[in-house]
Amino acid sequence: MSGARTKTRSPDDGLALEAESLCASGRYLEAESIARRLLTSPRTAASGHHVLALAAFAVGRFTKAYVEAARAASLSPRNARFQYTVGRVRHALGDDEGAS
């Protein structure tokens with residue numbers, strides 16, 4: 001396969017997935033703990049901010065969720081999940097125009 005690109009995964013990628021899974025299970029404090037570890041590396045900081053946004057959103061802290069989601073999206077502007085989270089949070093804040 002000439003020209004095919006493979007993406008190398010690191011243990012940090014697994015941490016991001018674990019943190020998102022913890023959020024989905026309602027284990028927000030554990031997810032936040034992992035997210036803070038992700039923030040320490042430039043390679044995974046966007047994922048860390050995204051997890052913090054998900055955790056804040058889940059407990060109704062929409063302003064905090066927006067700050068974290070916007071930071072994740074600014075660090076990784078081509079990540080559709082991060083952009084979606086920004087829109088979801090903006091909708092929850094009543095900004096339907098900004099959510100679209």
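## A tour from helix α5

Begin by selecting arginine 81, which is partly exposed, with a relative accessible area of 39%. The model on screen is predicted, and the stops below follow helix α5 before turning to other side-chain pairs.

**Arginine 81 and its partner.** Add glutamate 20 to the selection: the two side chains meet in a salt bridge, with N to O at 2.7 Å. Arginine 81 belongs to helix α5 and glutamate 20 to helix α1 (residues 11-24), so this pair ties together parts that lie 61 residues apart in sequence. Unlike the partly exposed arginine 81, glutamate 20 is buried, at a relative accessible area of 18%.

**The start of α5.** Select asparagine 79 next. This residue caps the N-terminal end of α5, placing a side-chain oxygen 2.9 Å from the backbone nitrogen of arginine 81.

**The body of α5.** Extend the selection to residues 80-92, the 13 residues of helix α5. From the first C-alpha to the last, the helix reaches 18 Å, close to the 18 Å expected at 1.5 Å a residue. Which residues of α5 are buried? They are Phe82, Thr85, Val86, Gly87 and Val89. An α-helix has 3.6 residues a turn, so residues three or four places apart point the same way.

**Threonine 85.** Centre the view on threonine 85, found in helix α5. Its relative accessible area is 5%, so threonine 85 counts as buried, the limit being under 20%. To display its surroundings, select His50, Ala53, Leu54 and Ala69, which threonine 85 touches when residues up to four places away in sequence are not counted.

**The end of α5 and beyond.** Move to glycine 94, just after α5, where phi is positive at about 90°. Then select aspartate 95 together with arginine 90: they form a salt bridge whose closest N and O atoms are 2.6 Å apart. Aspartate 95 is partly exposed at 28% relative accessible area, and arginine 90 is likewise partly exposed, at 24%.

**A further salt bridge.** The count of salt bridges comes to 4. One of them joins the side chains of arginine 27 and glutamate 30, at 2.7 Å from N to O. Arginine 27 is partly exposed at 41% relative accessibility, as is glutamate 30 at 39%.

**The aromatic pair.** How many aromatic pairs are counted? The count comes to 1. Select phenylalanine 57 and phenylalanine 62 to see this pair, which is tilted, with 5.3 Å centre to centre and 55° between the planes. Phenylalanine 57 is buried, with a relative accessible area of 19%, whereas phenylalanine 62 counts as partly exposed at 28%.

How values were computed:
Residues numbered from 1 in each chain as written. Predicted model: local features only at pLDDT ≥ 70, side-chain atom pairs only at ≥ 80, totals over all residues. Heavy atoms only, no water. Helix = DSSP H or I, 4+ residues; strand = E, 2+ residues; numbered from the N terminus. Expected span 1.5 Å × (residues − 1). Buried < 20%, exposed > 50% of the residue type's maximum accessible area, 1.4 Å probe, protein only. Polar contact = N/O pair within 3.5 Å; in protein donor to acceptor, adjacent residues only side chain to side chain. Contact = heavy atoms within 4.5 Å. Phe/Tyr/Trp six-rings, centres within 6.5 Å; stacked < 30°, edge-to-face > 60°.
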